[in-house]
Each structure stands twice: as C-alpha cells, then as structure tokens.
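Here are my notes on the model you sent over. I've kept them to a few spots worth pulling up in the viewer.

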Amino acid sequence: MEAAEREAGTVNTDDIGGMDDATDGQPKLSKKEMKLAAQKAEKEAQKNAKKEMKKRAKKLGVTVEELEQMENNEGGNDVDEFGIPIVNGGVNGDAAAGTAAPPATAAAEPPQKGKLTAEERIRKERPPPRIRVMESSQPDYTALRLENIAITFRDQPVLKSATWGVQTGDRIGLVGANGAGKTTQLRILSGELEPTAGDVIKSSKDLRVAMLRQEFIDELDLTRTLRDEFMSVFTEEADIMNSLREAEEELAQMSGSADDADKMQEILDRMNKLQNKADAKNVNALDSRVSKIMDLMGFEPEEGDYEVSAFSGGWKMRIGLGKVLLQDPNILLLDEPTNHLDLESVEWLEAFLRNQNLPMVIVSHDREFLDQVCTKIVDAEGGLCTEYNGNYSRFLQLKKARMDAWNAAYNAQEKKIKEEKQWINKFKLKQPQAVKQRQAQLEKLIKSPDYVQKPPFVGKPFRFRFPDAPRLSPEVAEVKGLSHAYGDGANPLFEESDLFIEKGDRIAIIGPNGSGKSTLLRILMGKEEPDEGTAEFIGSNVYPAYFEQNQADVLDLDKTVVDTVQAGDAVEKKVEHLSGGEKARLSLCCMMLKESNLLILDEPTNHLDIPAKEMLEEALQHFDGSVVVISHDRYFISKVATTIVAIEDKKLVKYGGDYKFYMDKSKEFKEKVEARYFAGGSRIDSAPVIDLEELKKPKKNFGGAKTANMVTRKDKGVKNAKRNKPK
C-alpha cells in the first residue's frame with residue numbers, strides 16, 4: 001500500500017495523523033477518517049496505474065491483458081490457466097477459444113512500433129496450422145475434420161476457433177450469414193487454402209476431395225461440346241495420350257536404318273512407360289465413364305455434340321456436378337448448388353444427392369433444400385461453429401432451445417454477480433476481510449471456463465431504400481411480336497410474344513430453366529438483338545437500373561469496393577475477395593447510387609442470406625417506380641410481385657395477381673409447392689399492400705397547436721411570465 005501511495009504522490013497515514021502540528025490548531029483526524037483517506041489514496045493509485053498500463057499497451061499495439069502477461073513472463077512467473085483470454089466459449093463446446101496467452105519468448109522480443117495485425121497476433125500466440133492423418137481408421141471409413149481453425153483476411157478475423165467434421169453417412173448443411181466464412185471453410189477442407197491456425201484431420205493420406213464452386217459457370221468453356229467439356233476433367237490422362245501420340249509420330253518418321261536403332265529403342269521404352277501409365281489410369285474407359293455420367297445427369301446421347309452455351313443455368317449446374325463426380329471423390333463439397341435452379345431442377349438434385357453414398361458438405365441459403373437433403377447442420381456464427389444433428393427444421397428447434405438456455409444461464413449468472421457486487425459495496429467497510437474473499441471468488445469466476453459468455457445479440461434488422469424514382473410516364477415498356485431462338489432456330493424461346501409494362505407494375509417473370517427469362521431481359525436492355533419483333537422502352541423518361549445474374553461477369557475483380565462504388569475510403573477490400581453474397585450486395589449498392597424509375601433484376605437473391613433477402617424485399621415494397629424481377633425464390637416473389645408473367649408454350653402469359661393467385665390457378669402445382677413446407681419455415685401468402693402515397697404524407701403534429709411555433713410573445717403562459725418577471 002505504501003508503494004502505491006508513493007506512486008500516486010500521496011502521503012501516508014502517519015503523516016495524516018500528525019497534521020495537527022502543521023495545521024495551526026486544526027482538529028486531529030479520527031481513526032475512521034484516516035482509514036477512509038488511506039483507502040481513497042489506494043484507489044487513486046490503482047486508477048493511475050491502470051491509466052499508465054493502458055498508455056503502454058496502446059504504444060506497443062497490444063491489449064492490456066497481453067501486456068500484463070508479458071510483464072508476468074518477464075518476472076519468471078508461469079502463466080496460469082486464468083491468464084488465457086476467453087472468447088465466446090461454449091459455442092463449440094470447448095473451454096479454450098480462438099486466442100491463447102502469448103508464449104514466454106514474446107516478452108524477450110523488442111516492442112514493435114506499429115500495431116500488430118490480427119493475423120500476426122494469432123500466428124504469434126498459436127501453433128502453426130497442421131494437416132494430420134488419423135492413426136487408425138477402418139478401410140471403408142472416410143472422414144475430414146477441422147480442429148480449432150482460425151483464419152484472418154486483411155486484419156479481419158473470419159474464423160476464430162471452428163471445430164466440426166464430416167464422415168461416412170453425413171450430408172452436412174453449412175449455414176450462416178454472408179461473410180461468416182462458409183466458402184472459406186470449404187476451401188480449407190479442399191486443401192486450396194491454408195488456415196492461419198488450427199488442424200485439418202484426414203482419415204487417409206490420399207483422401208480425394210472435390211468441390212462444386214459457387215461460380216462454377218466461370219470454369220465452363222462455353223465453346224466446347226458437352227462431351228469435350230466432361231473429358232476436360234482428365235487433364236493428366238490427356239497429357240499421357242498426347243505424349244503417346246507424339247511418340248508414335250516420331251517413330252513413324254524414322255527410316256528404320258541401323259543409325260536409328262538406339263533412338264528407336266529409346267522411343268519404344270518411353271512408349272512402354274506411357275502405356276503402363278495409361279493402363280494404370282484406365283484411359284480406355286474414359287469414354288464409357290463420360291457416357292455414364294451424362295446419363296446420370298439426365299443428358300441424352302445426342303446432346304453430347306451440343307455446345308455448352310446452348311444449355312440453361314440449371315443444365316449447366318448438372319454439367320458442373322458431373323465434372324466434379326468424374327474426379328471420383330471420397331468427399332463432395334457443394335457451394336450453393338441451387339442458385340439459378342427452377343423447382344424441377346432442385347427436386348432432381350435433392351433426389352440425386354439423397355441416393356449418393358458419398359459424405360458431403362453443402363452450403364446453401366435454400367432452407368427447403370437443406371431440409372430435404374441434410375442429416376446434420378453446422379451453424380457458422382461469430383467465427384465459431386456449432387453442430388446440430390437432424391435436418392434444417394430440427395436445427396431450428398435445437399438452436400432455439402440452446403439459445404434460450406444460454407440466455408437463461410447468462411441472465412441468472414449476471415443477476416448473481418450483480419447481487420454479489422451489491423453485497424461487496426454494502427459491507428466493504430464493515431467486513432473488509434470477507435469482502436476481499438468475495439471479490440477474489442468473483443474474479444476467479446469471471447476468469448474461469450465456467451463463466452457463461454454473453455450470447456450473440458441479434459439487433460434490429462438493417463433497412464435500406466432505393467432513391468426516390470423520377471416521374472415516370474404511364475407507358476414504360478412494350479414487347480411486341482417477339483420471336484427469338486438459339487442455334488440457328490434449333491432452340492426457339494419465343495414465338496410472337498407480347499407484353500406491356502405500365503407505371504407501378506411489379507412483375508415477376510417465371511418459367512423453367514432454359515425458357516428464356518434472362519434472354520428477355522437482355523433483349524429489353526438492348527444487350528441482345530431479337531430475331532423478330534421488338535422489345536423496347538416506350539416511355540419518354542424511363543431510367544432503368546439493371547442487375548445482372550452473374551455478378552462476377554459485371555464487376556471488375558481487380559478494383560476495391562471503394563473504387564467500384566466511388567463513395568469514400570472506408571473499404572479497401574478487393575472485389576475478388578468478396579463472397580457471392582457480398583458481391584450481390586455491392587451490385588445493389590451501385591444501383592442505389594443513381595436514380596432510376598424501373599428496376600430490372602435478374603435473380604438478385606442468389607447468394608443472399610435470409611436477412612439480406614428480407615431487406616431487399618422491404619426495399620422493393622417501398623420503391624415507388626416499376627419493377628421487373630426474375631427469381632426462383634417463390635417466397636421472395638410472393639413478397640414483391642403483384643403481377644406474374646409466366647413463359648408457357650413460348651408465349652408470355654400475364655396473370656393479373658400475385659404468386660398466391662398464380663398458385664391457386666393450378667391445384668397440382670399448389671400441392672407440389674405446399675408439400676415442401678417444413679416446420680418453422682415460411683408459407684406463401686398474398687403480397688403485402690403498402691400505400692406509398694400515405695407514407696409520403698407529412699406526419700401529424702401531436703401535443704401542440706398548429707401555431708405553437710409562431711408565438712412571438714415570450715411572456716405568454718404562466719411559467720414564462722414568472723421566468724421573465726423583472727427582479
């Protein structure tokens with residue numbers, strides 16, 4: 001205490017007791033007053049010490065706790081279990097979390113001038129990442145596991161301590177918000193990305209993992225034929241066959257003279273080795289493997305000669321999935337495979353995946369799809385992962401029960417801590433020894449693994465609005481006598497089709513994959529010329545904003561987010577590092593920078609998580625212009641569209657009602673949609689009606705007269721008269 005008093009520049013109690021000699025007759029302090037003065041001095045010393053510690057920690061670029069650990073290590077003291085910082089423990093079921101105490105050698109290093117990045121701090125505090133192989137596993141057993149995985153991008157921690165795994169018999173749905181690290185974890189599982197810290201555990205050294213990427217269409221060569229695209233998977237086999245052909249050509253060019261005997265023998269030996277490699281790769285069976293996959297994916301034999309560009313998004317997904325299966329994987333990774341798929345294609349994919357024996361991990365925001373396919377759900381939240389057994393509806397029940405229990409335990413703990421602190425404050429003078437013991441127990445609880453961390457808080461949903469639409473003419477756009485086809489007329493999309501778009505229309509264009517929905521929007525925007533007829537804007541002041549289906553084809557991946565939006569210097573992240581959902585939101589942000597009165601949206605909900613979809617729904621409901629949207633998300637359409645245009649028999653058929661009205665027209669289709677409902681999921685209902693004119697009206701002035709702000713007499717009213725009364 002004396003040291004603390006000296007540090008704070010205070011005097012000691014003996015000096016206080018003798019102050020009567022130097023204070024010209026002032027009364028001597030009592031023992032109680034002396035005790036209070038000493039306690040005040042001690043508190044002041046502790047406060048000053050904390051301030052000094054914070055200054056030093058800020059200068060070194062570390063936290064106060066880390067600086068304390070470094071000072072303890074310098075003194076030769078071992079860091080006990082309570083010196084390890086605890087972060088949101090309990091989500092993975094582990095007491096240890098993403099960060100650990102710095103090693104003892106950290107204190108010996110010279111202090112850094114700049115602040116440590118999150119990645120440098122993790123690499124300094126935790127062991128380097130490792131790939132481990134299970135010591136003993138059964139021959140038919142396949143498993144892949146992440147243990148305490150942490151990864152950081154640009155000083156932004158994406159994963160803190162993710163622990164979960166997939167094994168034989170599992171069909172895992174990996175869920176979470178945009179930017180939660182779902183695709184990042186798939187890339188770590190596939191071996192193409194090394195984590196900052198943590199272990200990847202395999203059941204065998206030669207485990208084969210194949211991944212269908214989020215933007216798999218970019219990997220397709222649209223000019224190849226279907227069969228050639230499937231054959232492009234076998235790159236190593238193709239190199240062997242090319243080498244064999246080159247060796248045969250060399251051999252054919254030889255004259256057969258005695259001078260060529262040695263070289264001929266060398267070529268023959270090389271051909272023998274290449275042939276052995278070809279036999280080991282079973283090159284002769286490649287054609288039959290491709291034919292089998294084409295049949296499995298639902299392609300006809302004659303379609304093998306069609307160019308890839310002739311197939312719709314749903315069939316391109318089958319091409320991508322077929323290419324992945326041709327790699328003969330032990331574990332299958334699928335990153336949002338249902339994007340661009342109509343209901344029929346989604347049902348085909350569900351049935352296909354259920355019939356596979358491969359363990360698989362699926363990232364998707366399609367809750368019905370996950371409910372139909374998955375046997376386990378892994379929830380990525382706050383840099384941690386939690387496993388739940390069962391399908392998606394079971395996951396919703398278990399997560400709710402877990403969060404309710406977590407909140408109850410946390411509230412009970414905080415209530416107890418509050419009562420304990422109140423007792424300490426009440427008896428700190430009467431029972432100092434007991435107070436000291438209770439304080440120590442309280443501090444021990446807060447530092448212990450038994451301390452319940454605060455549950456993640458889900459605040460109010462973020463909202464945004466499109467800019468006010470400029471005045472729009474009653475006639476907006478017209479499609480007249482439209483006929484269009486691909487492949488020199490072999491694949492007709494439209495025949496003598498007509499459509500009229502008016503002011504205030506909220507139109508959803510629906511139809512199966514390959515029916516020409518996106519083509520219609522491209523023709524309307526002037527990006528493609530129709531074979532016959534017209535599709536154009538006829539209003540004099542139509543300002544369209546176009547959201548394209550594949551954002552990777554539109555955005556410049558080399559630019560930063562700021563350069564793309566040109567709206568400040570807060571975000572320096574490259575576009576190529578964004579997830580699919582973040583790219584979609586960036587494109588929506590770019591649309592909001594300019595005024596428009598006609599929104600043309602081609603599958604805007606692809607890659608978006610549930611909260612982001614709901615934000616977009618509300619923004620479109622409050623947009624006072626016209627909207628034309630394409631989407632396979634039936635719930636999204638039911639919220640934003642008041643008119644349905646269906647592509648039926650190569651015609652544009654307009655239904656004067658919302659999606660529920662359209663469903664009611666076909667009993668068979670309605671039963672098919674309602675059969676996919678699951679417990680805790682949404683139901684399709686009538687589109688909400690929002691009176692935008694009413695919202696624009698100024699709010700009524702409650703609680704005062706209309707002339708309240710026009711009063712000029714400052715002494716009007718009893719209070720003002722009294723206040724202004726001259727004294």
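**Notes on helix packing and two single residues**

1. Start with H8 and H9: these two helices are roughly antiparallel to each other. This is a predicted model, by the way, so read everything below in that light. H8 covers residues 235-252 and H9 covers residues 261-280, and their axes come within 10 Å and cross at roughly 155°. Since angles over 145 degrees count as roughly antiparallel, that crossing earns the label. As for hand, H8 and H9 cross in a left-handed way.

2. Which residues make the contact between H8 and H9? From H8 you have Ile240, Ser243, Leu244, Ala247, Glu248, Glu250 and Leu251. H9 brings Lys263, Met264, Ile267, Leu268, Arg270, Met271, Leu274, Gln275, Lys277 and Ala278. Sorted by class, the residues in this contact of H8 with H9 come out as 10 nonpolar, 5 charged and 2 polar. If the spacing of the numbers looks familiar, recall the usual geometry: an α-helix has 3.6 residues a turn, so residues three or four places apart point the same way.

3. Now turn to H11 (residues 313-325) and H12 (residues 343-354), whose axes also come within 10 Å but cross at roughly 20°. Angles under 35 degrees count as roughly parallel, and H11 and H12 are therefore roughly parallel to each other. Their crossing is right-handed. On the H11 side the contact uses Gly314, Met317, Arg318, Leu321 and Leu325, and on the H12 side Ser345, Trp348, Leu349 and Phe352. That gives the contact of H11 with H12 a make-up of 6 nonpolar, 2 polar and 1 charged residues.

4. H11 deserves a point to itself. With 13 residues at 1.5 Å a residue, H11 should span 18 Å, and its end C-alpha atoms are indeed 18 Å apart, so the two agree. Is H11 mostly buried or exposed? Of its 13 residues, 12 are buried, so H11 is largely enclosed by the rest of the structure. Lys316, Arg318 and Lys323 are among the buried ones, along with glycines including Gly313 and Gly320. What do the buried residues of H11 pack against? The partners are strand E6 (209-212), helix H7 (226-231), helix H10 (286-296), strand E7 (331-335) and H12.

5. Have a look at Thr338, in the loop between E7 and H12. Its relative accessibility is 10%, so Thr338 counts as buried. Setting aside neighbours within four places in sequence, Thr338 is in contact with Val346, Leu349, Ser364, Asp366 and Phe369. Leu349 is a name you've already met, as one of the H12 residues in the contact with H11.

6. Gln167 sits in strand E3 (residues 156-167). At 34% relative accessibility, Gln167 counts as partly exposed. Apart from neighbours within four places in sequence, Gln167 is in contact with Tyr141, Thr142, Ala143 and Pro359. Try a distance here too: the C-alpha atoms of Gln167 and Lys202 are separated by 9.9 Å, with the two positions 35 residues apart along the chain.

7. Last, the overall picture. The chain has 727 residues, of which 42% count as buried, and it holds 24 helices and 19 strands. Among contacts in the chain with a separation of 6 or more, 68% are between residues 24 or more positions apart.

Conventions:
Residues are numbered from 1 along each chain as its sequence is written. This is a predicted model: local features need pLDDT of at least 70, side-chain atom pairs count only at pLDDT 80 or more; totals for chains, interfaces and linings use all residues. Side-chain values use heavy atoms; hydrogens and water are left out. Axes are lines fitted to C-alpha atoms, for helices over the stretch in contact, and angles run from 0 to 180 degrees between N-to-C directions. Helices (H or I, at least four residues) and strands (E, at least two) are DSSP runs, numbered from the N terminus. Angles under 35 degrees count as roughly parallel, over 145 as roughly antiparallel, 65 to 115 as roughly perpendicular and the rest as oblique. A crossing is left-handed if the near helix is turned anticlockwise from the far one by less than a right angle, and right-handed if clockwise. Contact means heavy atoms within 4.5 Å. Ala, Val, Leu, Ile, Met, Phe, Trp, Tyr, Cys and Pro count as nonpolar, Asp, Glu, Lys and Arg as charged, and the others, Gly among them, as polar. The expected span of a helix is 1.5 Å times one less than its number of residues. Buried means under 20% relative accessible area, exposed over 50%, partly exposed in between (1.4 Å probe, protein chains only).
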